[in-house]
Structure formats: C-alpha cells, structure tokens
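Work through the exercises below with the sequence and the coordinates side by side. Each task is followed by a solution that goes step by step.

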Amino acid sequence: MIRDFSLDIDALRGFLHLVSVSVWVGGQIVVAGLIPLLRKVDRSAGPLPEGEKSVTQKAAHRFGRISWPFFALAIITGLWSLGEVVANDEWTSSTSAWKILFFVKIALVAASGVGAWLHTRAQRAPERALFASVASLTALAALLIAASFQSSLPA
Ligand code: HEM
C-alpha cells in the first residue's frame, strides 16, 4: 500500500462529505449529552409564560436549523461520490459485498433522516426518545459501514 497526498476536487468532495456526516452524527451525540443540563436550566427557571418555548426546546430547534442543511449536504456529496464511482467504472468492478453494504448504508441513512423527522414531530416523551435513538444509531451504523469500505487497484 502506497500512501500519498493530493489536494484536489476529490479531496474537496471527501472533505464536504465527512464534515456533513460529522455534524449530523456528532451533533446528535453532543445534543443528547447537553439535554440533561438544559432540562435542569428549565426546571430552575420555573413555569414558562404562555406561548414561550423552554431553553431545551429552543436549543433543539436551533440544532435542527444546523443539522438538516448538513444532512442535505451529506446526500448531495454522497450522490456526487456515487456519480464518480459510476463514471470511473468502479461500480462494475466493485465486489458484491461492497454493493450490498452500499445499499444497506443508504437504507440506514434514510432511516436516520426519517427517525430524526419523526422525532421532531413526536408529541410524547417516550416516542421522542425512541425516534432520537433510531436517528442516531442508524447514522452511527452507516458510519461504521462506510468506515469499513476499502479500495484497491485491480491486480
Ligand atoms: C449519515 C449519512 C452518511 C454517513 C455517516 C456517511 C459516511 C461516509 C464515510 C465516513 C465515507 C468515507 C469517506 C472517505 O473515506 O473519504 C463515505 C463515503 C461515501 N459515501 Fe457516505 N455517508 C452518508 C451519506 C451518504 C449518502 C446519502 C450517499 C449516497 C447517496 C453516500 C455515498 C457515499 C459514497 C459513494 C462514498 C465513497 C466515496 C469514495 O470512495 O469516493 N453517503 N460516506
């Protein structure tokens, strides 16, 4: 294996894909860690005036405004990468395992998006927690699959 360096358009594509998935996956983990603290702030602030959102709700809303555009960027850069794979004739030369796992990854990404959307719509706390878990665990599984992808030159 020869390791090398090339700062080109492919590097930009990979960079944008990795940044977007980092925000989507990492953001969910960080927000989950901050929720207990935000709840504590809300409890100590006492009852809210009519129509006023709690700090937890405001933080969740703000996170959504950051995370959804990055999720969209993950899809755009992912499609861009897929276009490169096909254009370079790498799809046909890829192993069946890679192709199957690629579709599994796409299904997990879709489940993560649907889970996150259902999480924002859920009215009851147990459903919110369930859909938040679906959103983050499926995204982590997609990340694990992508991290296991290997490429090498044909012999
Ligand atoms: C939560 C969503 C996603 C995660 C966590 C994720 C994660 C990753 C990671 C870590 C890589 C490896 C990058 C590298 O080694 O340079 C990768 C590559 C790739 N991703 Fe994603 N991805 C996501 C969404 C998508 C989507 C929606 C698509 C397609 C529609 C996609 C298509 C690809 C392709 C084709 C590659 C291979 C790029 C190459 O080797 O040139 N990804 N992904």
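Helices here are DSSP runs of at least four residues, numbered from the N terminus. The model is a predicted one, and its confidence is taken up in the last exercise.

**Exercise 1. Describe the overall build of the chain, and decide whether the chain is a compact globule or more spread out.**

Solution. Begin with the secondary structure: the chain holds 5 helices and 0 strands, and reading along the sequence gives the pattern α-α-α-α-α. The radius of gyration is 19 Å, whereas the globule rule gives 15 Å for 155 residues, so the chain is more spread out than a compact globule. The C-alpha trace, taken along its principal axes, spans about 70 × 30 × 25 Å. As for burial, 14% of the 155 residues are buried. Finally, of the contacts between residues at least 6 apart in sequence, 67% join residues that are at least 24 apart.

**Exercise 2. Identify which residues come nearest to the ligand, and which helix gives the largest share of the shell.**

Solution. The shell around the ligand has 22 residues, of which Gly14, Val21, Gly78, Ser81 and Ala146 come nearest. Two or more shell residues are given by each of helix H1 (9-45), helix H2 (55-87), helix H4 (96-121) and helix H5 (125-148). The largest share, 8 residues, belongs to H2. Sorted by character, the shell residues comprise 16 nonpolar, 5 polar and 1 charged.

**Exercise 3. Compare the length of H2 with its expected span, list its buried residues, and say what covers them.**

Solution. With 33 residues, H2 reaches 48 Å from its first C-alpha to its last, which is close to the 48 Å expected at 1.5 Å a residue. Its buried residues are Ser67, Phe71, Ala74, Thr77 and Gly78, and what covers them includes H1 and H4. An α-helix has 3.6 residues a turn, so residues three or four places apart point the same way.

**Exercise 4. Determine whether Ser112 in H4 is buried or exposed, and find its contacts outside the neighbouring sequence.**

Solution. Ser112 lies in helix H4, a helix of 26 residues that should span 38 Å at 1.5 Å a residue and whose end C-alpha atoms are 38 Å apart, in agreement. Because Ser112 has 25 C-beta neighbours inside 10 Å, Ser112 counts as buried; the cut-off for burial is 20 or more. The buried residues of H4 are Lys105, Leu108, Val109, Ser112, Ala116 and His119, and they pack against H5. Once neighbours within four places in sequence are set aside, Ser112 is in contact with Ala135, Thr138, Ala139 and Ala142. Thr138 is 26 residues from Ser112 in sequence, yet their C-alpha atoms are 5.4 Å apart in space.

**Exercise 5. Locate Asp89, state the sign of its phi, and decide whether Asp89 is buried or exposed.**

Solution. Asp89 sits in the loop between H2 and H3, just after H2. Most residues other than glycine have a negative phi. Asp89, although not a glycine, has a positive phi of about 60 degrees. Asp89 is exposed, because 9 other C-beta atoms lie within 10 Å, and the cut-off for an exposed residue is 12 or fewer.

**Exercise 6. State where confidence in the chain is lowest and where it is highest.**

Solution. The chain averages a pLDDT of 96, and 100% of the residues score at least 70. Confidence is lowest in helix H3 (residues 90-93), with a mean of 96, and highest in H4, at 98.

How values were computed: Residues numbered from 1 in each chain as written. Predicted model: local features only at pLDDT ≥ 70, side-chain atom pairs only at ≥ 80, totals over all residues. Rg over C-alpha atoms; globule rule 2.2 N^0.38 Å. Contact = placed C-beta atoms within 7 Å. Near = placed C-beta within 6 Å. Nonpolar A, V, L, I, M, F, W, Y, C, P; charged D, E, K, R; others polar. pLDDT = per-residue confidence, 0-100. Expected span 1.5 Å × (residues − 1).
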